[in-house]
Amino acid sequence: EHLKADLRATLQTMEDLFVFYQPIVEIQTRRVTAREALVRWYHPDRGWISPAEFIPVAEESGLIEPLGRFILHRACADATTWEDEERVAVNISAAQFGGGMLVDSVREALEETGLRPDRLEIEVTETALLGSDQGVIEDFGKLRALGVRIALDDFGTGYSSLAHLRAYPFDKIKIDGSFVRDAVTRPDCAAVVKAIADLGRRLGVTTVAEGVETQEHLARVTEEGCSEIQGYLIRKPGPSERDAPRVEAIN
Ligand code: G
Ligand code: G
Ligand code: NA
Ligand code: MN
């Protein structure tokens, strides 16, 4: 339909596409360990369109390939201007795995920007692992061989399975914001957060509490043993320094 055609046109120039960033902070030190890249589209007639709306359109139409390549390249380029300890985390959807496109895009983005591979982190949801065909496993192996890190996103939702933690060598587990928010009122949700944090510690894997919006959320996830936080309490996703003037002009 219209959105697909408009997205196709936008991908010719990339002009209306922005990559916003949201920091991820280590609780103990308050240092930024990474910034998650979150794509934004400013449609000339419709205004800001959420990736929740246009990523699925891109996936269905094959446009996820050029879109994904653009986001990876822009994110790696922006990260080269940050502190050396700060990684960039890029979301990758199921449709991007297999077929060699993802690994090629990652390799290309790293080569063209000169970003050190261990400063790039790929975020993948469990839903993307469901097919769990050979293609995904091979891609993971190739990405890790490049030195790229892999994070399991939205853990606790969907088809959470400990089998995934055994089958794939994750560097980070991101606990879904719904658990974090419920953990302050529901002991059962707090117990789930604690169990994941304990698991992470035993596996030597960083655990990030997502969706931390208040001091109360922060106190709870600290108590339950999470190592890092992300959420509106720290900062909402925002434009890179370079894009900030353009975004201000729009809003
Ligand atoms: O940024 P926001 O919270 O509105 O994102 C909505 C959804 O879109 C989230 O599930 C997020 O993971 C996804 N998303 C945001 N940016 C990207 C991206 O660059 N690639 C992919 N595949 N998904 C993204
Ligand atoms: O699926 P994924 O975890 O990548 O989605 C990230 C989404 O969560 C983005 O759309 C981002 O804007 C949103 N987000 C980030 N921090 C918070 C928060 O503290 N509260 C809420 N409700 N959403 C958040
Ligand atoms: Na994510
Ligand atoms: Mn998430």
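## Ser93 and its surroundings

In this predicted model, Ser93 lies in the loop that runs between strand β4 (87-91) and helix α4 (101-113). Ser93 has 20 other C-beta atoms within 10 Å and is therefore classed as buried, since the class begins at 20 or more such atoms.

When its neighbours within four places in sequence are left aside, the contacts of Ser93 are with Ile55, Glu59, Ile64 and Ala128. A further spatial relation links Ser93 to Ala151, for the two residues are separated by 58 positions in sequence, while their C-alpha atoms lie 13 Å apart.

## The shell around ligand 1

Ser93 is also one of the residues around ligand 1, a group that further comprises Ala37, Leu38, Val39, Ser50, Pro51, Ala52, Ile55, Ile71, Asn91, Ile92 and Pro237. Ile55 thus appears both in this shell and among the contacts of Ser93.

Strand β2 (32-43) and helix α2 (51-61) each contribute at least two residues to the shell around ligand 1. By class, the shell consists of nine nonpolar and three polar residues, with no charged residue present.

## The shell around ligand 2

Ligand 2 is surrounded by 13 residues, of which the closest are Gly211, Glu213, Gly231, Tyr232 and Pro237. Pro237 is likewise listed among the residues around ligand 1. The shell around ligand 2 contains four nonpolar, five polar and four charged residues, whereas that around ligand 1 has no charged residue.

## The packing of α9 and α10

Helix α9 (residues 187-203) and helix α10 (residues 215-224) have axes that come within 8 Å of each other and cross at roughly 50°. The two helices are therefore oblique to each other, and the crossing in which α9 passes α10 is right-handed. On the side of α9 the contact is formed by Ala190, Val193, Lys194 and Ala197, and on the side of α10 by Arg220, Val221 and Glu224. These contact residues comprise four nonpolar and three charged members, with no polar ones.

## Lys194 in helix α9

Lys194, which belongs to helix α9, is among the residues that make the contact with α10. With residues up to four places away in sequence not counted, Lys194 touches Glu224 and Gly225, and Glu224 is itself one of the α10 residues in the helix contact.

Lys194 has 17 other C-beta atoms within 10 Å and is therefore partly exposed. The C-alpha atom of Lys194 is separated by 9.5 Å from that of Thr222, a residue 28 positions away along the chain.

Methods. Residues are numbered from 1 along each chain as its sequence is written. Chains are lettered from A and ligands numbered from 1 in the order in which they are written. This is a predicted model: local features need pLDDT of at least 70, side-chain atom pairs count only at pLDDT 80 or more; totals for chains, interfaces and linings use all residues. Axes are lines fitted to C-alpha atoms, for helices over the stretch in contact, and angles run from 0 to 180 degrees between N-to-C directions. Helices (H or I, at least four residues) and strands (E, at least two) are DSSP runs, numbered from the N terminus. Angles under 35 degrees count as roughly parallel, over 145 as roughly antiparallel, 65 to 115 as roughly perpendicular and the rest as oblique. A crossing is left-handed if the near helix is turned anticlockwise from the far one by less than a right angle, and right-handed if clockwise. Two residues are in contact if their C-beta atoms, placed from the backbone, lie within 7 Å. Ala, Val, Leu, Ile, Met, Phe, Trp, Tyr, Cys and Pro count as nonpolar, Asp, Glu, Lys and Arg as charged, and the others, Gly among them, as polar. A residue is near a molecule or strand if its C-beta atom, placed from the backbone, lies within 6 Å of it. A residue is buried if 20 or more other C-beta atoms lie within 10 Å of its own, exposed if 12 or fewer, and partly exposed in between; C-beta atoms are placed from the backbone.
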